[in-house]
Amino acid sequence: MSGKEQIYIDEVFKSNYIAPTGAYVTKFEESVKEYCKIDYAVALSSATAALHLALRVLGIGRGDLVLASSFTFIGSINCILYQGAEPIFIDSDSSWNLSPELLKRAIRELPKKPKALILTHLYGQMAEIDKIVEICRENSIYLIEDSAEALGASFNGKQSGTIGDLGVFSFNGNKILTTSGGGMLISRNREWIEKARFLSTQAREPFLHYEHREYGYNYRLSNVLSAIGVAQMEVLDKRVEQKREIFDFYSKELANISEINFMPEIKNSRGNRWLTTLTFDKTNPNKVINALEEQNIESRPLWKPMHLQPLFKGTSKSFIDGTSEELYRKGLCLPSPTKDFDKLYRVVEVIQKIC
Ligand SMILES: *Cc1c(COP(=O)(O)O)cnc(C)c1O
């Protein structure tokens, strides 16, 4: 927390507007719109809800094909299953994010045209978005940016989430900003965002009596949590700076270990370095995880790719060249705490010793 959250929460309590609507919900949406320079935004209970509504407003349903990054967190993909659509997984390239070449191959070889692509900017680092936008345009495929981990990252000065047709942010407890739980759906298209807002409030038609012509969800964000969000947005730039400093620290301190490679930052982009992530060419990352654990320091492997998950075994098509599987086998997320800079030395010491 930054310090302002409690002040804004107190205002919410004074107003007695403890509800999934209110002045702070609107303020939170305004702050994200202003930061990202985007026209429309709707605050929601999670990024998972935002992704689900993105598919709903695009009319994606049973039997439709939806392309997606294989190297991601399951939250990117569950929405495809909610809609009864079929996920098609695309592997990564040297950027660690979705490979434009494999994307082209998938579109060429699939028996029918996919309707949308859910593109993850993993660990806050931008994917090859300019190439991917072009491929999606040429093939009339909607592009949804899963920027759950990438709030504050940019490409050519444009904020992540604003480049495709729809963008999604997460304010879950583990992300660069948090409202404990929360999400946002953004777009330049007013109709989509208004439709998403409508669906997020049980698809209630504008009558005093409760009238329903289609089904919706209860996906709204609380006024209390939105107050936290407004205060968090005020420190986003500072938070990104801190995360980038953590990355710079690790990359400098570990530069002498030649088997270590950090997640790259592609040309013309600026990542938020939400987590500092790396791979080891020789050392088994589990050895490092265990050694850190002995010092009571938590670390994690990289995400297990979706095409390797038992959930999708034998049911989903994928276009894979082994890249994300290799990253998963060799990779590690380092502790990236913004408040405990001194403690990063302990992490470095453990890694130095093992390598
Ligand atoms: C966290 C995350 C989500 C889900 O966000 P929630 O707000 O927790 O629903 C989706 N995609 C990615 C890539 C994430 O990291």
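## Exercises on a predicted model

Arginine 190 is exposed, its relative accessible area being 52%. The model behind this value and the exercises below is a predicted one.

**Exercise 1.** State where arginine 190 lies and how many residues and how many Å separate arginine 190 from leucine 236.

Solution.
- Step 1. Find the element: arginine 190 belongs to helix H7, which covers residues 190–200.
- Step 2. Count along the chain: arginine 190 and leucine 236 are 46 residues apart in sequence.
- Step 3. Take the distance in space: from C-alpha to C-alpha, the two residues are 25 Å apart.

**Exercise 2.** Describe how helix H3 packs against helix H7, giving the geometry, the handedness and the contacting residues.

Solution.
- Step 1. Choose the descriptors: a pair of packed helices is described by the angle and the distance between the two axes.
- Step 2. Apply them: the axes of H3 (residues 47–57) and H7 (residues 190–200) come within 9 Å, and they cross at roughly 115 degrees.
- Step 3. Give the hand: H3 and H7 make a right-handed crossing.
- Step 4. List the contact: H3 contributes Leu53, Arg56 and Val57, while H7 contributes Trp192, Lys195, Ala196, Leu199 and Ser200.
- Step 5. Sort the residues by class: the contact of H3 with H7 holds 5 nonpolar, 1 polar and 2 charged residues.

**Exercise 3.** Which residues of helix H1 are buried, and what covers them?

Solution.
- Step 1. Within H1 (residues 5–15), the buried residues include Glu5, Tyr8, Ile9 and Val12.
- Step 2. Look down the axis: the buried residues of H1 fall within an arc of 100 degrees, so they line one face of the helix.
- Step 3. Identify the cover: it includes helix H2 (23–36) and helix H8 (223–234).
- Step 4. Check from the side of H8: alanine 227 is placed in that helix and is buried at 0% relative accessibility.
- Step 5. Read its contacts: leaving out residues up to four places away in sequence, alanine 227 touches Tyr8, Ile9, Val12 and Tyr24. Of these, Tyr8, Ile9 and Val12 are buried residues of H1.

**Exercise 4.** Which residues of helix H11 are buried, and which elements do they pack against?

Solution.
- Step 1. H11 spans residues 323–330, and its buried residues are Ser324, Leu327 and Lys330.
- Step 2. Seen down the axis of H11, these residues lie within an arc of 135 degrees, so they line one face of the helix.
- Step 3. The packing partners are strand S12 (277–280), helix H10 (285–294) and strand S14 (331–333).

**Exercise 5.** Determine how many disulfides the model has, and examine cysteine 36 and cysteine 79.

Solution.
- Step 1. Set the cut-off: a disulfide needs two cysteine sulfur atoms within 2.5 Å.
- Step 2. Apply it: the count is 0 disulfides.
- Step 3. Take cysteine 36: the nearest cysteine sulfur belongs to cysteine 79 and is 20 Å away.
- Step 4. Take cysteine 79: the closest cysteine sulfur is in cysteine 136, at 15 Å, which is too far for a bond.
- Step 5. Add the accessibilities: cysteine 36 is buried at 4%, and cysteine 79 is buried at 0%.

**Exercise 6.** Is threonine 162 buried or exposed, and what does threonine 162 touch?

Solution.
- Step 1. Place the residue: threonine 162 sits in the loop between strand S7 (158–159) and strand S8 (166–170).
- Step 2. Compare with the cut-off: buried means under 20% relative accessible area. Threonine 162 has 8% relative accessibility and therefore counts as buried.
- Step 3. Read the contacts: beyond residues up to four places away in sequence, threonine 162 touches Cys36, Ile38, Glu145, Ile186 and Arg188.

**Exercise 7.** Give the phi values of asparagine 16, serine 180 and asparagine 296, with their settings.

Solution.
- Step 1. Recall the background: most residues other than glycine have a negative phi.
- Step 2. Asparagine 16, just after H1, has a positive phi of about 60 degrees.
- Step 3. Serine 180 has a positive phi near 80 degrees. Its place is the loop between S8 and strand S9 (183–187), and serine 180 is exposed at 53%.
- Step 4. Asparagine 296 has a positive phi near 65 degrees. This residue lies in the loop between H10 and strand S13 (318–319), and asparagine 296 is exposed at 68%.

Key:
Residues are numbered from 1 along each chain as its sequence is written. This is a predicted model: local features need pLDDT of at least 70, side-chain atom pairs count only at pLDDT 80 or more; totals for chains, interfaces and linings use all residues. Side-chain values use heavy atoms; hydrogens and water are left out. Axes are lines fitted to C-alpha atoms, for helices over the stretch in contact, and angles run from 0 to 180 degrees between N-to-C directions. Helices (H or I, at least four residues) and strands (E, at least two) are DSSP runs, numbered from the N terminus. A crossing is left-handed if the near helix is turned anticlockwise from the far one by less than a right angle, and right-handed if clockwise. Contact means heavy atoms within 4.5 Å. Ala, Val, Leu, Ile, Met, Phe, Trp, Tyr, Cys and Pro count as nonpolar, Asp, Glu, Lys and Arg as charged, and the others, Gly among them, as polar. Buried means under 20% relative accessible area, exposed over 50%, partly exposed in between (1.4 Å probe, protein chains only). The arc is that of the directions from the helix axis to the C-beta atoms.
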